[in-house]
Amino acid sequence: MKIKEIRVFICNPGRNFITVKVILDSGIYGLGDATVNGREMAVVTYLEEHVVPCLIGRNAHDIEDIWQYLYKGVYWRKGPINMAAISAIDMALWDIKGKVAGLPVYQLLGGQSRSGVSLYAHAHGENIGDTLDMADKHIRQGFKAIRLQSAVPGLKVTYGVLGDRKDYYKLQGNRPLPPEDDWSTQKYFNMIEELFFQARERFGNDVHLMHDVHSRLTPIESARLGQLLEKYNLFFLEDASIAENQDSYKVIRQHTTIPLAIGETYNTIWDCKDLIQNQLIDYIRVAASHAGGITAFRRIADFADVYNVKTAPHGAPDLSPICFAAHIHLDTWTPNFGIQEFVGLGNKQSKEIFQHDIQVKDGIAHVSDAPGLGVEFDESAAREYPYKRSYLPVCRLEDGTLWNW
């Protein structure tokens, strides 16, 4: 069970993905996702130059010791690059342990807490009508939870709405530099209630509705938004404000009872500790690929359960199918699971590289019973889609002030 080799791959089947393959002296291997969108090569270098040399020859069964070695042993703890590397190694080791045991990862965690994983889909459009038409399509496919994002009139670009620009590469034009969005809180408030008013008029109250503010508002503005949308019975309001100062959510909480969700940019349990233990949020949205892998995710989930906070893992398209599989295993086990974000099972190119048998029907995902994570990785196919430098956008207020994207 000694680690013989660790390979790091970066490919671009529409989005950049970093895949880590841990190979044992027996030939058994495990896979992990180390993608950090817009800073991919920083993780690749960190893995290849600093992490991989430390792990060759170690016993792959010692998942906990390896996790602690990579976290405590580095001295410079936390941070997205460091934690993405730890996450990928950790996922790969759980994948290996499952293959050796002949069991899917969720069984190693303690077995299933549910027969299927509830998903929420994304609906977005250039106007409210387009957004609701897309939501209607998802509902007809069986989804019972939808995130609604509509373009804001008067703004050139709105988060979640790319229009005819199908990806961030097209937003960047001919220069591989960060695209810039503009933002106006007033223009946003002029349209946001109408979106949910029309949604409830059209779909009734049997469909769960979400909305992602994407940290565009200050805490008191988020409190105002919560009061405005309470009557539309949202499942949750995501990333209402930046919470680097976790006390910010006290302001929101004291003004509204709307459920709050946050966490996709968090890298450790310490980033969300105060929010959870003070019950300032209702859903924690960490990703296994960014917050320390399966080992760290289950610690966060257990801690959250003490305070009646549920999990709602991040599921953006910059997380590879390996991370999605890890989430489905975790979601199947986690007793305080809430809901899983879902943007599809990948495009044609992605499916050539990552193969799995996760099934989605009527808005419910069913975990694979294959040993480990149940994902295979085609190295040859990955080489057909080389890395392409890309950035997430930056955001400015209309007067040019840099703002939260």
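## Helix α1 and the aromatic pairs

In helix α1 of this predicted model, the residues Glu40, Val43, Val44, Tyr46, Leu47, Val51, Val52 and Leu55 are buried. These buried residues pack against two strands, β1 (3-11) and β2 (17-24), and against two helices, α2 (63-72) and α3 (80-101). An α-helix has 3.6 residues a turn, so residues three or four places apart point the same way.

The length of the helix can be checked against what its residue count leads one to expect. Helix α1 covers residues 40-55, and because each residue should add 1.5 Å, its 16 residues should span 22 Å; the C-alpha atoms at its ends are 21 Å apart, which agrees. The helix nevertheless has a kink of about 40°, centred on Leu47, and Leu47 is itself among the buried residues of α1. After the helix comes Gly57, which has a positive phi, near 90°.

Aromatic rings are a second topic, and the structure holds 15 aromatic pairs. In one of them, the ring centres of Tyr159 and Trp405 are 5.6 Å apart and the planes stand at 80°, so this pair counts as edge-to-face, the cut-off for that class being over 60 degrees. Which parts of the chain does the pair of Tyr159 and Trp405 tie together? Tyr159 lies in the loop between β5 (145-150) and α6 (168-172), while Trp405 lies in the segment after β18 (402-403), so the pair joins parts that are 246 residues apart in sequence.

Another edge-to-face pair is formed by Tyr188 and Phe189, with 5.8 Å from centre to centre and 75° between the planes. The burial of the residues in these two pairs is set out below.

| Residue | Relative accessible area | State |
|---|---|---|
| Tyr159 | 16% | buried |
| Trp405 | 17% | buried |
| Tyr188 | 4% | buried |
| Phe189 | 8% | buried |

Each of these values can be read against the cut-off for burial, which is under 20% relative accessible area.

Phe189 also takes part in a contact of another kind, for Arg224 lies over the face of its ring, at 3.8 Å from the ring centre. A comparable arrangement involves Lys21, whose charged end sits over the ring of Tyr29, 4.3 Å from the centre of that ring. Elsewhere, ring pairs link Phe9, Phe17, Phe354 and Phe377 into a cluster. Of the elements that pack against the buried residues of α1, strand β1 spans 3-11 and strand β2 spans 17-24, and the numbers of Phe9 and Phe17 in the cluster fall within those ranges.

Note on methods. Residues are numbered from 1 along each chain as its sequence is written. This is a predicted model: local features need pLDDT of at least 70, side-chain atom pairs count only at pLDDT 80 or more; totals for chains, interfaces and linings use all residues. Side-chain values use heavy atoms; hydrogens and water are left out. Helices (H or I, at least four residues) and strands (E, at least two) are DSSP runs, numbered from the N terminus. The expected span of a helix is 1.5 Å times one less than its number of residues. The bend at a residue is the angle between axes fitted to the seven residues ending there and the seven starting there. Buried means under 20% relative accessible area, exposed over 50%, partly exposed in between (1.4 Å probe, protein chains only). Contact means heavy atoms within 4.5 Å. Rings of Phe, Tyr and Trp (its six-membered ring) pair if their centres lie within 6.5 Å; planes under 30 degrees apart count as stacked, over 60 as edge-to-face and the rest as tilted. A charge sits over a ring if NZ of Lys or CZ of Arg is within 6 Å of the ring centre and within 35 degrees of the ring normal.
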